[in-house]
Amino acid sequence: DEVAVMTKAGVVEPQFICSAIIETSVSAIDVLRQFMLCNRGRFISTPAGLSMMAWRWKDPIFTIYDGILGGALEYQSDTARKDLVNVVRTRIIDPGSNYQVVDGPSFESDEMIAADGQRYETTLDISFSPGGSRAQRLTKAFVEDARRGRSLRVPLDVEAMCLEPGDTVIV
């Protein structure tokens, strides 16, 4: 990742990074999931098959307006209960512990727990991501993504054929 960030300790480091020794006993899909998590990536469907796209803010390239709608919008405003998360534990590799997998920083929000009515806990295995500061950024992004919950399905006419998976649009 070419985006650099400064930690609270004043160290400049890449925003996201993967670092791993991959054993042959680990399945290819598990390796891909780890790379995806460590880069805040997504699997996207392309004409050539599935690809992984690392997260990066993109400027919108297209505006969806009434004239190109091909049917009714489907909008979901809430996060499905199965996707709620308000407590996250992490597993990371620790350079200070001879690159062993250790418990990393955790996230817990009393405000979110109160709003949800109970604890929804998950463990984020980001063992391809070295160091706690990256784990904190990934955990924050994971919680934000999980709680965002909004989705929009829009049938569009041929004018939108220029769009590709992962493009950012204005609605």
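Where does Asn98 lie? Keep that in mind while you get your bearings; we'll come back to this residue once the whole chain is on screen.

**The whole chain**

What you have open is a predicted model. Show it as a cartoon and you should find 3 helices and 12 strands. Line the view up with the principal axes, and the C-alpha atoms fill a box of roughly 60 × 40 × 35 Å. Of the 171 residues in the protein, 26% are buried.

Switch on a surface next. The accessible area is about 11300 Å², and carbon and sulfur atoms account for 53% of that. Colour by charge and you'll pick out 18 positive and 24 negative side chains, with the centres of the two sets 4 Å apart. As for contacts, take the ones between residues at least 6 apart in sequence: 66% of them join residues at least 24 apart.

**Stop one: the β7 and β8 hairpin**

Now select residues 87-94, which is strand β7, together with residues 100-103, which is strand β8. The two strands run antiparallel and are joined by 4 bridges. For a landmark across the pair, click Ile92, which stands opposite Val102 in β8.

Follow the chain between the strands and you have the answer to the opening question: Asn98 lies in the loop between β7 and β8. The hairpin has 5 residues between its strands. Is Asn98 buried or exposed? Asn98 has a relative accessible area of 62%, so it counts as exposed.

Check the backbone angles while you're here. Most residues other than glycine have a negative phi. Asn98 isn't a glycine, yet its phi is positive, near 60 degrees. Click on to Tyr99, which sits in the loop between β7 and β8 too. Tyr99 also has a positive phi, of about 60 degrees, although it is not a glycine.

**Stop two: Asn86**

Go back along the chain to Asn86, in the loop between β6 (74-76) and β7. Why does Asn86 count as buried? Its relative accessibility is 0%, and the cut-off for buried is under 20%.

Show the Asn86 side chain as sticks and look at what its polar atoms meet. One of them lies 3.0 Å from the backbone oxygen of Gln118. The side chain also reaches the backbone nitrogen of Tyr120, at 2.7 Å. To see the rest of the surroundings, select the residues Asn86 touches, leaving out those up to four places away in sequence. Among them are Phe107, Glu108, Ser109, Met112, Ile113, Asp116 and Arg147.

**Stop three: Arg33 on helix α1**

Jump to Arg33, which lies in helix α1. At 43% relative accessibility, Arg33 counts as partly exposed. Then add Ile126 to your selection and draw a distance between the C-alpha atoms: you should get 9.3 Å, for two residues that are 93 apart in sequence.

**Last stop: Ile21**

Finish with Ile21, found in the loop between β2 (12-14) and α1 (28-38). Ile21 counts as exposed because its relative accessibility is 81%, and the cut-off for exposed is over 50%. For a final distance, pick the C-alpha atoms of Ile21 and Thr168. These residues are 147 apart along the chain, and their C-alpha atoms are separated by 34 Å.

Definitions and conventions
Residues numbered from 1 in each chain as written. Predicted model: local features only at pLDDT ≥ 70, side-chain atom pairs only at ≥ 80, totals over all residues. Heavy atoms only, no water. Buried < 20%, exposed > 50% of the residue type's maximum accessible area, 1.4 Å probe, protein only. Contact = heavy atoms within 4.5 Å. Areas by Shrake-Rupley, 256 points an atom, 1.4 Å probe, with all protein chains shown as cover. Lys, Arg positive; Asp, Glu negative; His and termini not counted. Charge placed at Lys NZ, Arg CZ, Asp CG, Glu CD. Pairing = 2+ DSSP bridges. Polar contact = N/O pair within 3.5 Å; in protein donor to acceptor, adjacent residues only side chain to side chain.
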